[in-house]
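Q: Please take a close look at one part of this model and describe how it is built. A single connected account would be preferred.

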Amino acid sequence: MFDRATGVHQALLDGSVLTARRTAAASALGAKHLASKEARNLLILGAGKVAAQLPKAFRTVSPIKTVRVWNVTPDSAERLSEDLRPIGWGAAGLRLDRPPEVHSAEPPSGSPLEAYFATISSSPQH
């Protein structure tokens with residue numbers, strides 16, 4: 001980005017980072033209107049670029065303290081969790097044994113998680 005009047009360089013923007021942040025912000029906006037205002041636990045399904053942006057985005061709309069990450073590749077979930085812990089998140093890879101309070105999904109289309117996600121999203125407590 002350049003200053004229109006002077007032509008001086010103002011910013012260098014990485015499109016993939018902007019896209020990941022925008023997607024995370026849109027997800028958090030949905031949570032702002034749909035999730036409990038007291039939700040403290042966030043489950044992230046996926047461990048890619050968008051997933052890395054979700055905790056910070058969700059914290060802007062909920063008092064999220066704990067982040068759990070599930071991914072088809074458990075090592076990827078653990079790597080993201082390891083990246084989140086030093087910056088103040090109680091984060092860990094997860095076995096899906098009970099429904100979380102907030103859901104943000106980034107699973108691949110047609111994955112077995114679609115059935116699980118549909119089940120927990122339509123449970124009576126949601």
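A: **Helix crossing and adjoining pocket**

Helix 1 passes helix 2 in a right-handed crossing (the near helix is turned clockwise from the far one by less than a right angle). This is a predicted model, in which local features need pLDDT of at least 70 and side-chain atom pairs pLDDT 80 or more, while totals for chains, interfaces and linings use all residues. Residues are numbered from 1 along each chain as its sequence is written, and side-chain values use heavy atoms, without hydrogens or water.

The axes of the two helices come within 8 Å and cross at roughly 45°; helix 1 and helix 2 are therefore oblique to each other. Axes are lines fitted to C-alpha atoms over the stretch in contact, with angles from 0 to 180 degrees between N-to-C directions; oblique covers angles that are not under 35, over 145 or 65 to 115 degrees.

Helix 1 makes the contact (heavy atoms within 4.5 Å) through S16, A20, R21, T23, A24, A25, S27, A28 and A31, and helix 2 through K49, V50, Q53, L54, A57 and F58. By class, this contact has 9 nonpolar, 4 polar and 2 charged residues.

Helix 1 (15-34) and helix 2 (49-59) each also supply at least two residues of the lining of the second largest pocket. Helices are DSSP runs of H or I, at least four residues. A pocket is an open set of points on a 1 Å grid where a 1.4 Å probe fits, with protein on both sides within 12 Å along at least five of seven lines; lining residues have an atom within 4 Å of a point. Helix 2 gives the most to this lining, with 6 residues.

Notes:
Nonpolar A, V, L, I, M, F, W, Y, C, P; charged D, E, K, R; others polar.
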